[in-house]
Each structure stands twice: as C-alpha cells, then as structure tokens.
Amino acid sequence: MIKEKIDWANLGFGYIQSGKRYISNYKDGCWDSGCLSEDANVVINECACVLQYAQTCFEGLKAYRTKDGHIVTFRPDLNAERMIDTCKKLEMPIFSKERFLSALDEVVKANEDFVPPYGTGASLYIRPYMFGSGAVMGVKPAKEYQFRMFVSPVGPYFKSAAKALNLCVSDFDRAAPKGTGAVKAGLNYAMSLHALMVAHANGFDENVYLDAATRTKIEETGGANIIFISKDRTLVVPKSESILPSITRRSLVYVGDKYLDLKVEERDVSLNELDNFVECGLCGTAAVISPVGTITSHDRVYKFENSIGETSVLTSLYKTLTGIQSCEIEAPEGWIRRIV
Ligand SMILES: *Cc1c(COP(=O)(O)O)cnc(C)c1O
C-alpha cells in the first residue's frame, strides 16, 4: 500500500504493509546486530520449530501522533518485559529490553509516514514477535530464532465503538491453572480460534473464559482482559495466574485509583456475582476499552445497562487513558516514550 492512498479516517483493524520492518537473527548463542528490511516475507526451513511445534510469541503496542506533532509510544518497557517472560516460558532466547526499545525507535522512525495524523482516531500498531526458525525433528527448543518488528496503521479494533458487545461464556477453556495463559504465546490464540467461530455462529462477538479448574470464576476473553464497575462505582478486576497481564488493564487500575478516585478491587470474580455490576468492558491495546452490553451463560443473560454513554465510569476511564496516551493529560512518570 502506498501511504498517500491511505484513507486515515476509515481505517479498519487490518494489516497494511508498511515500508520497513526490523529483523534480528539468533544463532550460535547470540543475536546479530539487527537491521531494517524492505522485505515483508519470512523464508524459513520447512522443519522450523515454529511450524512444527508452535514455538512463537508476540507483543502488540501502538505509536500515537500528538497534537504538537510528536510521535510517542505508551509504556513499551512493559511490552519488552512481558516478551522476556514469554520467551522464558517457551524456552526461547531473551531479546533484551534495551534492544527491544531501540528496535522500536528505529522501526517507528523508519515508518514515520505511516503514523496516522493526530485526531483521526487511527494509530500505528506495532507487532514485535519471535519464533524458532531452526529446524527440529524431535520435540525440543530450536537453536536458531528470528525476532521481528513490523508496523501497520490501524483504525479502531471494533468497527462500531458505540455499540456494546455481546459476549458468551465459552464451554471451552482457554488456559490451565499452571499453563500458558499468562504469556503472550501464539498457541493461546490457535486454540481460541475454534471457540471464537462457535461463538460467532451463535451470534456472539467474543467468548468469556472461566477458570479451567472450577469453571466458576471469570478470567478474560480470547484477546482482552475484562473489567467491571459495580453499583457503588468500584472498579472490579478479575485476578488469576492464568490471565494475560494486560498493560491497558494495569494502566486503567492506576488511572482509576490515582486520577478518578475510584475504589479498585483486584480479586476473584465469580460468574454468579455478575448481577452486581452495572458496567462491563474489554480492555487491550487494540481497542483500549470496548463496552460490553451482555454476557450470556447458557440460559442466563447478564445485562450491563450502563456500559455505554457519556456518564459511564468506563467512558471516564477511556477518556483519561487515551488523553494520557496522546499527551493531552499529564502522564505518570515513565509512561510515555517520545520517538520523534
Ligand atoms: C495482548 C492480550 C491482552 C491485552 O494486553 P494489552 O497489553 O493491554 O494489549 C489481553 N488478553 C490477552 C489474551 C492478550 O493476548
């Protein structure tokens, strides 16, 4: 895609090939110095560990254009740290925080023209990822890896932000108690695809997963954490070892407490207490917060009447966090990394 042809105001959440991506290869126990490449294709051996045994992980973050023309990213150090945690879990080599952040600066600067203009609601999505590129036949970690970071301009994740989502409680499980739910591994998404198609076939937008051990507690959806607001304006956030530690959710908890003076509870949330909540939202980098209208669990439908609207707590959280991300509201120390 030629950048002059991009219709910024009507961008969807899809892949648009940009100019350059960052690539570094790992071999003989160390990473090479890395470089930018015009080539969007990956060529690897047919027996690469990623292809046979799904040894791959990823991250996702965004760069925003500010009112005064700078380009900033939001808490990228946390993406770097989370990727390190994921790599440890998948027996992959670590790509250091310093290297991650300088690769980020490099790739965003190289694709400056693809950062959507301020005020369009669009942003530049950045996708760092790593995979086992070395060939393995028996089950074992690869000896060679590739780290890449590409960018794509994106619009809002859900087409109509004003429409509340309808979720269903999945009969499938996402993550086992001592499994991989808390790391950003591709395998967590591969197993969610069938469940997602079943949810769509039944007329729902997304699945809510329960804790696999007891199937009584709310965990999260396939690709976003879930948050609730109770009648007394408390922000309630499910806590579990198998929930992916969303940077958006962690930031919203801070914003709720420090900027909006909300009471915040991070704890077990059981399915049968959903009646106590008046707002529900999904949070993640892609959508920031998406309001949820209903959660259906077999023949029970839980309604969150107040999720949408200017006066909702979720709207205040959304406006404050996006204000911080675009530098219109003062950010806590260290949250904004200015690239240009
Ligand atoms: C990436 C992801 C999220 C959101 O995390 P952010 O850091 O806020 O983007 C939530 N749940 C799952 C399963 C994820 O993979």
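This report describes a predicted model, taking in turn the surroundings of its ligand, its nonpolar cores and the residue Tyr118.

## Around the ligand

The ligand is surrounded by 15 residues, and of these Lys184, Tyr189, Ser246, Thr248 and Thr285 come nearest. Sorted by class, this shell is made up of seven polar, four nonpolar and four charged residues.

Several side chains place a polar atom beside an oxygen or nitrogen atom of the ligand. For Thr248, one of the residues that come nearest, a polar side-chain atom lies 2.6 Å from a ligand oxygen atom. A ligand oxygen atom also has a polar side-chain atom of Arg82 at 2.8 Å, while Glu220 places a polar side-chain atom 2.7 Å from a nitrogen atom of the ligand. The ligand on its own has 380 Å² of accessible area, and the protein covers 96% of that area.

## The nonpolar cores

The largest nonpolar core of the model has 39 residues, and those touching the most other members are Phe100, Leu104, Val108, Ile126, Met130, Phe147 and Met149. Both helices and strands contribute to this core: the helices α2 (76-89) and α3 (97-110) each supply at least two of its residues, as do the strands β1 (21-27), β5 (61-65), β7 (123-132) and β8 (145-154). The largest share comes from α3, which provides six residues.

Met149 offers a way to look at the packing in this part of the model. Leaving aside residues up to four places away in sequence, Met149 touches Arg21, Tyr22, Phe100, Ala103, Leu104, Val107, Ile126, Arg127 and Pro128. Three of these contacts, Phe100, Leu104 and Ile126, are themselves listed with Met149 among the residues that touch the most other core members. Separate from this core is a second one of 22 residues, and Val253, Val255, Val313 and Trp335 are included in it.

## Tyr118 in its loop

Tyr118 is found in the loop that lies between α3 and β7, two elements that each supply at least two residues to the largest core. Is Tyr118 buried, exposed or partly exposed? Its relative accessibility is 32%, and because this value falls between the 20% limit for buried and the 50% limit for exposed, Tyr118 counts as partly exposed.

Beyond residues up to four places away in sequence, Tyr118 touches Arg65, Thr66, Lys67 and Glu328. With one of these, Lys67, the separation is 51 residues in sequence but 5.9 Å in space, taken from C-alpha to C-alpha. With another, Glu328, the side chain of Tyr118 is joined by a polar contact of 2.7 Å.

Key:
Residues are numbered from 1 along each chain as its sequence is written. This is a predicted model: local features need pLDDT of at least 70, side-chain atom pairs count only at pLDDT 80 or more; totals for chains, interfaces and linings use all residues. Side-chain values use heavy atoms; hydrogens and water are left out. A residue is near a molecule or strand if one of its heavy atoms lies within 4 Å of it. A polar contact is a pair of N or O atoms within 3.5 Å; within protein, one must be able to donate a hydrogen and the other to accept it, and residues adjacent in sequence count only if both atoms are side-chain atoms. Accessible areas come from the Shrake-Rupley method with a 1.4 Å probe; for residues, only the protein chains shown count as cover. Ala, Val, Leu, Ile, Met, Phe, Trp, Tyr, Cys and Pro count as nonpolar, Asp, Glu, Lys and Arg as charged, and the others, Gly among them, as polar. A nonpolar core is a set of buried Ala, Val, Leu, Ile, Met, Phe, Trp, Tyr and Cys residues joined through side-chain atoms within 4.5 Å. Buried means under 20% relative accessible area, exposed over 50%, partly exposed in between (1.4 Å probe, protein chains only). Helices (H or I, at least four residues) and strands (E, at least two) are DSSP runs, numbered from the N terminus. Contact means heavy atoms within 4.5 Å.
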